[in-house]
Amino acid sequence: MRHPTIYDVSRLSGVSTATVSRTFSDPARVREGTRRRVYEAAAALDYQPSAIARAMARQRTDKLAFIICKKGATILDEFYAGICEGVMRCVNSMDYQLLVSTAEDRQREAQSKQIEGAILAGDAQPDLIAELQRQNVRVVLVNHVAPGFDLPCVVADDRDGVRQALVHLHARGHRRIAMLAGRFSSYITSERYDAFLATVKELGLTLGEGDILMCDRDVESATQAAAQLLSRPDRPHAVFAFNDVLAAGVIKAARRLGAALPDELAVVGFDDSSVCTLLEPELTSVHVDCRRMGELCMERMTALLRGEQDVPRLTVVPVSLHVRRSS
């Protein structure tokens, strides 16, 4: 059976093929009466304009990209998967396709994916941002702020999250609180590091030499660093870890050294990931609403695609502390 074409709709509606095309690609430019005739003809013929034809007519592809900019990351990364879920919930109700990849994958692929917008999650490098801007791709950053670029950014309230963690530990009677910092993006590292120092000063806590340790982002690196911290005769009463993976390393080291949790050592993480309820004792952690971050990214992206000029440049999403038995 032959599928109806734009020429069939043109003949039945009595308008040119150019007007039919414009009705579907840019209906605001077509008079209401003409639009009605075209739509009625299309309905009678069961005509569906192809996505390719619409894209060519509008010089648009209806494609967006969600790119994870984290070294060694995969699209299964739990934190960014949560943000991506929020993005996908919005995309599913719109006429867009979403391409999901990592920055490393993108570098290995052909650079031109003919995308209209890109949400860059994590430590987006300046050369990637600049490349996308040269291609006239709309860009939104999430979990990162890039100095030198005037872009909408959606971030969690890292500073308040750190403060909530330390206030909680202080309320439980802990006065020596150490920090295990991971080698994260410069933005995340500075936000959490600065917030830790500021809150220590605010609460009048004692910070001993070596109470701040840096490690890689895997459990074993965290375990080794925590073992070094906890083996000291003047070991801290509590440890705040940059994320839940590092906190798991602290708990692992504490168990090896025979330190009882939370009586002899309290531990708090960040992100409130699935790791928290797999540990024993279950981990107190700062909850980040990743899905909401993704939804806000799409709100900013659709505003950019509509050509709006007053799109917010920094959107800070509130966080909350989920208290469990590790503290």
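# A tour from helix α10 to the β9–β10 loop

Select Gln224, which sits in helix α10. The model you have open is predicted. With a relative accessibility of 57%, over the 50% cut-off, Gln224 counts as exposed. Now add Val239 to the selection. Val239 lies 15 residues from Gln224 in sequence, and the two C-alpha atoms are 14 Å apart in space.

**Helices α10 and α11**

Stay on α10 and show the whole helix, residues 219-230, together with α11, residues 244-256. Two packed helices are described by the angle between their axes and the distance between the axes. Here the axes come within 7 Å and cross at roughly 50°. That angle makes α10 oblique to α11. The crossing of α10 and α11 is right-handed.

To see what makes the contact, select Val219, Glu220, Ala222, Thr223, Ala226, Ala227 and Leu230 on the α10 side. On the α11 side, select Val245, Leu246, Gly249, Val250, Lys252, Ala253, Ala254 and Arg256. Colour this set by residue class: the residues of the α10–α11 contact divide into ten nonpolar, two polar and three charged.

**Phe184**

Keep Leu246 of α11 in view and select Phe184, since Leu246 is one of the residues that Phe184 touches. Phe184 is in the loop between β6 and α9. Beyond its neighbours up to four places away in sequence, Phe184 also touches Thr189, Arg217, Phe242 and Asn243. Next, measure in your viewer from Phe184 to Lys70. These residues are 114 apart along the chain, and their C-alpha atoms are separated by 8.8 Å.

**Ser185**

Move on to Ser185, also placed in the loop between β6 (177-182) and α9 (186-203). Is Ser185 buried or exposed? Its relative accessibility is 9%, so Ser185 counts as buried. Show the side chain of Ser185 and the backbone of Ile188: a polar atom of that side chain lies 3.3 Å from the backbone nitrogen of Ile188. Neighbours within four places in sequence aside, Ser185 is in contact with Asp123 and His144.

**His144 and Asn143**

Select His144 next. His144 belongs to the loop between β4 (138-142) and β5 (153-156). A relative accessible area of 3% makes His144 buried. Which residues does His144 touch, not counting those up to four places away in sequence? They are Gly122, Asp123, Ala124, Cys153, Val154, Val155, Ser185 and Tyr187. Asp123 is thus a contact of His144 and also of Ser185.

Now select Asn143, in the loop between β4 and β5. At 7% relative accessibility, Asn143 is buried. Look at the backbone here. Most residues other than glycine have a negative phi, and most peptide bonds are trans. Asn143 is not a glycine, but its phi is positive, near 65°.

**Helices α5 and α12**

Leave the loops and show helix α5, residues 78-91, with helix α12, residues 290-305. Their axes are 7 Å apart and meet at an angle of about 45°. With that angle, α5 is oblique to α12. The handedness of the crossing of α5 and α12 is right-handed.

Select the contact residues in two groups. From α5 take Phe79, Gly82, Ile83, Glu85, Gly86, Val87, Arg89, Cys90 and Val91. From α12 take Cys290, Arg291, Met293, Gly294, Glu295, Cys297 and Met298. How many of the residues in the contact of α5 with α12 are nonpolar, polar and charged? The division is nine nonpolar, three polar and four charged.

**Backbone stops around β9**

Go to Pro262, in the loop between α11 and β9 (266-271). Display the peptide bond that joins Leu261 and Pro262: it is cis, with omega about 0°.

Continue to Asp272, which is in the loop between β9 and β10. Asp272 is not a glycine, yet its phi is positive, about 55°. Its relative accessibility of 15% means that Asp272 counts as buried.

The last stop is Pro281, in the loop between β9 and β10 (284-288). Select Glu280 as well. What kind of peptide bond joins Glu280 and Pro281? The bond is cis, and omega is about 0°.

Notes:
Residues are numbered from 1 along each chain as its sequence is written. This is a predicted model: local features need pLDDT of at least 70, side-chain atom pairs count only at pLDDT 80 or more; totals for chains, interfaces and linings use all residues. Side-chain values use heavy atoms; hydrogens and water are left out. Helices (H or I, at least four residues) and strands (E, at least two) are DSSP runs, numbered from the N terminus. Buried means under 20% relative accessible area, exposed over 50%, partly exposed in between (1.4 Å probe, protein chains only). Contact means heavy atoms within 4.5 Å. Axes are lines fitted to C-alpha atoms, for helices over the stretch in contact, and angles run from 0 to 180 degrees between N-to-C directions. Angles under 35 degrees count as roughly parallel, over 145 as roughly antiparallel, 65 to 115 as roughly perpendicular and the rest as oblique. A crossing is left-handed if the near helix is turned anticlockwise from the far one by less than a right angle, and right-handed if clockwise. Ala, Val, Leu, Ile, Met, Phe, Trp, Tyr, Cys and Pro count as nonpolar, Asp, Glu, Lys and Arg as charged, and the others, Gly among them, as polar. A polar contact is a pair of N or O atoms within 3.5 Å; within protein, one must be able to donate a hydrogen and the other to accept it, and residues adjacent in sequence count only if both atoms are side-chain atoms.
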